[in-house]
Amino acid sequence: MRFKDHHIISMTSFSKDMIDHILETAEKMEPIARGKQKSDLLSGKVLAVLFFEPSTRTRMSFETAMYRLGGNVLNLGSIDASSIAKGETLADTIRVVDSYADAIVLRHPKEGAARLASEFSAIPILNAGDGAGHHPTQTLLDLYTIKRESQLEGLKIALVGDLKYGRTVHSLCYALSLYGAQITMISPRELRMPEEIINDLENRGAKVTELDSIEEAINDVDVLYMTRIQKERFPDPAEFQKVANRLKITPDLLKNVRPELRIMHPLPRVNEIHPEVDKTVHACYFKQAFYGVPVRMALVALVLGAMK
Amino acid sequence: MRFKDHHIISMTSFSKDMIDHILETAEKMEPIARGKQKSDLLSGKVLAVLFFEPSTRTRMSFETAMYRLGGNVLNLGSIDASSIAKGETLADTIRVVDSYADAIVLRHPKEGAARLASEFSAIPILNAGDGAGHHPTQTLLDLYTIKRESQLEGLKIALVGDLKYGRTVHSLCYALSLYGAQITMISPRELRMPEEIINDLENRGAKVTELDSIEEAINDVDVLYMTRIQKERFPDPAEFQKVANRLKITPDLLKNVRPELRIMHPLPRVNEIHPEVDKTVHACYFKQAFYGVPVRMALVALVLGAMK
Amino acid sequence: MRFKDHHIISMTSFSKDMIDHILETAEKMEPIARGKQKSDLLSGKVLAVLFFEPSTRTRMSFETAMYRLGGNVLNLGSIDASSIAKGETLADTIRVVDSYADAIVLRHPKEGAARLASEFSAIPILNAGDGAGHHPTQTLLDLYTIKRESQLEGLKIALVGDLKYGRTVHSLCYALSLYGAQITMISPRELRMPEEIINDLENRGAKVTELDSIEEAINDVDVLYMTRIQKERFPDPAEFQKVANRLKITPDLLKNVRPELRIMHPLPRVNEIHPEVDKTVHACYFKQAFYGVPVRMALVALVLGAMK
């Protein structure tokens, strides 16, 4: 499998085999990610992290990934402190940074930014989120979490919350359709998964159901994937509050569920999951955050050709 | 002595033996801290630094400590650029970061934050100051400075300045009481050391005297420990000016003192010490800043179990 | 040649032999800078970067230089987050940081800051720009670019744009005069090179001509060195626009030039060079940005005594 020198822009360019290969590579990285094993696989290598909007979790896990493998990280720093404030184009920034580093992690508020960057960069671009566009490393770590904590093949999953604007869930659904997942969508009417995505998923072999509440689905799924609902999406704060209260996981809700049920969340959470849930066997979101490290180690090592 | 996997929250949890052990470990670290000797004791290890308020000196000396030992540093970065701005709790931030790193240095404006963090963290928390609470690594570096530049046993020390709000001096006094120090307190009336602390120190075996001016104490002490007096503490700027002028070290004041007298200051100073004093044998505050490095090397190495 | 423990403050302290030695050392660093070769020449070493104003390119290339040689970087971070906001003097900051690191890169808005810092620092100061003062590492990377992409001896160069306030071009001219360059100055009347600098250059053996347009010079030079013209220099926006349009490189302008012509720019550019020019053999500005890495590797290695 050839990942060397390739850009990682979107999930849609990955076959099931490619995804499986990344997840297997991540599995090899896990002991190093946990600090149980040392590695100098990427010693002398430099990863540039260009975050044109903040995303602490994503940035930190990429940085840790690099450090655990003996490499180093070059940080563009805050935007107002950078050349961009002097009017430099993204293309120019990329063409300079690509001569300082071996790969670039790019986070950008504009859809398509990573694709654009990849056209100018002599080194691999790793898309760490571009606006309403893609965020493939989030999807890969979600898949890895499911693989490690539940199972990918024959998965029954419920996606809960903002399924309209939630970039991560779209990308995750596409990937899960490769594994023939049964997907239940649970969202307020205003934030339903777009019809064309549902059709597309069904065409790809996924089974899709739409439900109104978590209760209806909770005994029938392996994974509950929670997402944040943003207040700003609702003109009426009372309406938001009603919805937020309904699409929320409380200890009560978990009283009679199977022990195998896993709850995921891309974090940060606000009120979607009650803190009491953290102590249950179902809580999986902090592990999920950790799994970002071995997955990103795998990706960086693959595109730099340090792993095959 | 077991420090491995322990949190470093406050000085009050340390016995004299524990402090001595940390200071001895710091002494072994000194040649590495000075760059005279190389070490890869912490290679592959990652220290997360979470500064919820700035403290450049403390942060930089922890980072250098890590680099000198071959380790790496993961920086949360500025708060407004982080998940915290999205409403994440400290507990959640800690539970994510603890899976990225091997230990966490935490600086936080709220008293008790380090204690709270330690309840959620699977890895050691090193308290780098929590509001009006504790700042144990500052106290340890103060003690180390006294050990290296004067002597801890039988020490005569004068504390000068804001003894009411100055968190570091409270913590330092407690530690010094373990060594039977004679402590002279010199402060404006408004900023006197709280009565209950003085009583407590005396109960622990320290001898405490209160004086009004540096002149009265200067020929009778081994160490003058200066602190900053904040303008904001005084409703009347003229009153502040009077006090600031009185509790200030000038070259004149040092004309007839013993060569062994040492002047310390946690820095940054504003006007408490005249720049001409820097050249005298008495000036010890820049050395003190440096000593933060071996002390923090010792602490990190101990809690990570790389030293015993 | 002794660079060990020396400060790098201004180009005027360098002889031609010294410059040649730095450029030769940079040439040895190039394969490491390109990531083709590993090095641990500076392992265990710490470079402090103190940027009192942002300069992303300069900072990032110093950081990469350090990482490629196995060293580490201590970043002061943003100024409002630092002790300086508490009123600390530059001298005090330097005296603390010099005990944390092995060398200091200083960028400061005030002319003379690097010189002042060098008077207080126990470790080498590398001036990365001090206001209207000096920026020697920029000049050295410009010289290195000319050496690698054109030739230093007998060079014909045209400097275009703001030659009055453009600090880098003054410094570059002085250095080029050591190599007997023929220098053509092309600038708007308002931004002409100061008369005393021109006289000085001629006294040092450079040949200086002044022209009004790029067209007049383009067939007679080896290098076109473009600079940014700042809008703020012109009271009348229309006048600025006229000037900016005239002193601009377009693909048309390059139709009949010799293939050997090289175009340089310290970046970031705004509109001085049309993006279509990037694809031509003449474009040299992104290479120039890269060359900052081996040059800064050479400088750091030399002042730390890791190279001779």
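**Fold and assembly of the predicted model**

In the predicted model, 61% of the 308 residues in chain A are buried. The chain is built from 10 helices and nine strands. Its radius of gyration is 19 Å, close to the 19 Å expected from the globule rule for 308 residues, and chain A is therefore as compact as a globular protein of that length. Measured by extent along the principal axes, the C-alpha trace of chain A spans about 55 × 45 × 40 Å.

Contacts within chain A frequently link distant parts of the sequence: of those between residues at least 6 apart, 72% join residues at least 24 apart. The accessible surface of chain A amounts to about 11,900 Å², and carbon and sulfur atoms contribute 48% of this area. Chain A carries 39 positive and 40 negative charges, and the mean positions of these two sets lie 5 Å apart.

The relation between the two copies was then examined. Chain B is superposed on chain A by a rotation of 120 degrees, with 0.0 Å of shift along the axis and an RMSD of 0.0 Å. The two copies are thus related as by a three-fold rotation axis. As to the surfaces involved, only 4% of the interface residues of chain B are also interface residues in chain A, so the copies meet through different surfaces.

Definitions and conventions: Residues numbered from 1 in each chain as written. Chains lettered and ligands numbered in written order. Predicted model: local features only at pLDDT ≥ 70, side-chain atom pairs only at ≥ 80, totals over all residues. Heavy atoms only, no water. Helix = DSSP H or I, 4+ residues; strand = E, 2+ residues; numbered from the N terminus. Rg over C-alpha atoms; globule rule 2.2 N^0.38 Å. Buried < 20%, exposed > 50% of the residue type's maximum accessible area, 1.4 Å probe, protein only. Contact = heavy atoms within 4.5 Å. Areas by Shrake-Rupley, 256 points an atom, 1.4 Å probe, with all protein chains shown as cover. Lys, Arg positive; Asp, Glu negative; His and termini not counted. Charge placed at Lys NZ, Arg CZ, Asp CG, Glu CD. Least-squares fit on C-alpha atoms with pLDDT ≥ 70 in both.
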